[in-house]
Structures are given as C-alpha cells and as structure tokens.
Amino acid sequence: MNSLFFWLSKLLWMIFSPDMLLVILLISSCLLLWFRAVSKALVLLTITTVLVCVITIFPVGDYLIAPLENRYDLPTELPESVDGIIVLGGAENAVKSAYWGQPELGEAAERFFAFIQLTAAYPDAIAVFSGGTGSLSRQDLKGADVARSLLKRQGRDISNIIFEANSRNTYENALFTHQKLQPGQKETWILITSASHMPRAVGVFAQVGWQVIPYPVDHLSLPENGLKLTLDFSSNLRVFKYALREWTGLFAYYLTGRT
C-alpha cells in the first residue's frame with residue numbers, strides 16, 4: 001500500500017505540478033492550431049497567458065506558503081537536555097552527488113546547518129538523519145549516503161549518527177525511524193526540516209505516536225512582499241510550486257490517514 005501511494009503520488013505530481021501544467025497548456029494550444037481549431041486554441045492561450053501574468057506579477061507562492069511557514073516558530077528556548085535530534089532528508093541531490101563525486105545540496109541546505117549546530121549543542125543526544133530517495137528512476141542512490149559524506153567532510157564523527165536510508169517520503173521518514181529507535185513516550189526529540197514542510201512532518205510524527213519539538217529552517221516566504229508587485233516569473237513559480245506541493249501533500253496525507 002505504501003509503495004502504491006508513493007508511485008501514484010509521484011506520477012500525479014509530475015503531471016499536475018504548476019510548471020508542467022503550463023507546458024501542457026502550451027502544447028495543447030499549439031496542437032489545436034495545427035488542427036485549425038483556432039477558437040479553442042485561443043481559449044487555451046488566453047488561459048495560459050493570464051496564468052503566466054498572474055504568477056509573474058504577484059508572489060502567489062508567498063501567499064500560499066506563508067501560513068505553513070508561520071505554523072511553527074523557531075524555538076527561542078530549548079530544553080537543557082534532549083534525547084535525540086532528527087533531520088529529514090530533502091536538501092541533498094543524490095544523483096548529482098554520485099555524478100560529481102561530492103555532496104551536492106539544494107536550497108534546503110539549512111537543514112544540515114541546524115543539524116550540525118544542535119548535535120554540537122547536545123553531544124549526548126541520539127543524532128538521526130532520515131532520508132532515502134523520492135526519485136522514481138534512481139532508487140539506488142540514497143540521500144543518507146550524501147548526508148554521510150557531507151557530515152564526514154565537515155569533520156563530524158559519524159560513527160554515532162544513525163542514518164535511515166529506506167524512506168521515500170515524509171510518512172516513511174516517521175514510520176521507519178520510529179520503528180528503528182522505538183522512542184519512549186516521555187522522551188524529548190527535536191525535529192529539523194523546512195518551515196513549509198514542518199506542519200506535515202509534525203502531523204505524521206504525531207500519527208505514529210511520536211511528539212517532537214519543531215525546529216523549522218529554510219523559509220521561502222518574505223512577509224514584506226505583501227501585495228507588492230514582483231515581476232519575477234521564475235522565482236514566483238518556484239515558490240508557488242513548493243507551496244502547492246505542501247498543501248497537496250497535507251490534503252493527501254489527511255485523506256489517507258497519515259496525519
């Protein structure tokens with residue numbers, strides 16, 4: 001069931017993500033023109049043009065992602081001692097890392113910075129990296145391998161870090177890590193992930209019976225934008241895509257009882 005959910009969700013997102021929908025609209029418009037269905041082509045081109053203009057002018061992604069990122073604040077005070085620290089994978093690019101022979105990270109690299117900082121502050125806490133791969137085609141390349149290489153290059157002693165490499169999504173992050181560690185009900189754990197991803201992650205961890213302290217990083221929204229006109233299609237589309245993916249993920253996880 002978990003595998004079916006994983007493959008189906010990946011395929012649906014590949015088809016219906018905002019950037020792919022724009023491409024589908026453009027291709028469909030072109031095909032209609034070739035088949036001389038001019039009126040239908042004009043309708044699709046008008047819709048596509050309006051969508052592109054809205055995304056270009058307004059930071060729509062900021063509006064959608066801000067409620068997610070504001071759900072949990074960065075803790076101003078942390079406990080004197082914690083039992084463990086978990087960082088979720090997602091910042092690493094396993095395919096590029098394998099090709100270039102060095103750790104390659106994306107925008108969510110702040111996850112690793114926070115992990116290094118907190119594990120140094122709590123040297124006796126159990127340190128966990130949870131992340132396999134969400135790739136449909138390269139299940140052999142794991143985010144945990146990139147994390148292991150990166151932390152080792154940073155001079156960290158990785159012998160006391162637990163690497164969970166089989167999870168393919170947030171639900172499996174929580175489930176597999178919980179099964180591996182069997183944490184007690186009264187234990188104190190810190191969870192590190194991107195701010196927009198934190199609501200879904202906390203909900204999933206709670207669903208498997210694991211209460212955690214959220215430690216959000218990697219914020220994408222900028223509150224000062226407000227209704228400000230941006231004229232930045234690529235940046236706005238990128239944030240819009242992240243926001244829509246998280247809201248879709250929350251909805252899908254809720255429907256399937258994962259959060």
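**Close-up views of a predicted model**

Trp-210 is buried, at 2% relative accessible area. The model shown in all views is predicted.

**View A. Phe-205 pairs with Trp-210.** The two rings are tilted, with planes 50° apart and centres 5.4 Å apart. Phe-205 has 0% relative accessibility, so this residue also counts as buried. Buried here means under 20%; Trp-210, at 2%, therefore qualifies.

**View B. Tyr-99 and Trp-100 meet edge-to-face.** Their ring centres lie 4.9 Å apart, and the planes make an angle of 85°. Both Tyr-99 and Trp-100 are exposed. A search of the whole structure gives five aromatic pairs.

**View C. Five strands form an open sheet.** The strand order is β3-β2-β1-β4-β5, with parallel pairing. The edges are β3 (161–164) and β5 (213–217), each paired on one side only. From one strand to the next, the twist averages 20°. Four bridges join β1 (residues 84–88) to β4 (residues 189–194) in the parallel sense. Val-87 has Ile-192 of β4 as its bridge partner.

**View D. Helices α6 and α7 pack on the sheet.** Helix α6 (residues 110–121) touches β1, β2 (126–130), β3, β4 and β5. Its direction makes about 160° with that of β4. Helix α7 (residues 143–153) touches β2 and β3, and its direction makes about 155° with that of β3.

**View E. Arginines sit over aromatic rings.** Arg-148 lies over the face of Phe-163, 4.4 Å from the ring centre. Phe-163 also belongs to an aromatic cluster with Phe-112 and Phe-129. Over the ring of Tyr-171 sits the charged end of Arg-258, 4.7 Å from the centre.

How values were computed: Residues numbered from 1 in each chain as written. Predicted model: local features only at pLDDT ≥ 70, side-chain atom pairs only at ≥ 80, totals over all residues. Heavy atoms only, no water. Pairing = 2+ DSSP bridges. Helix = DSSP H or I, 4+ residues; strand = E, 2+ residues; numbered from the N terminus. Axes fitted to C-alpha atoms, helices over the stretch in contact; angles between N-to-C directions. Contact = heavy atoms within 4.5 Å. Phe/Tyr/Trp six-rings, centres within 6.5 Å; stacked < 30°, edge-to-face > 60°. Buried < 20%, exposed > 50% of the residue type's maximum accessible area, 1.4 Å probe, protein only. Lys NZ or Arg CZ within 6 Å of the ring centre and 35° of its normal.
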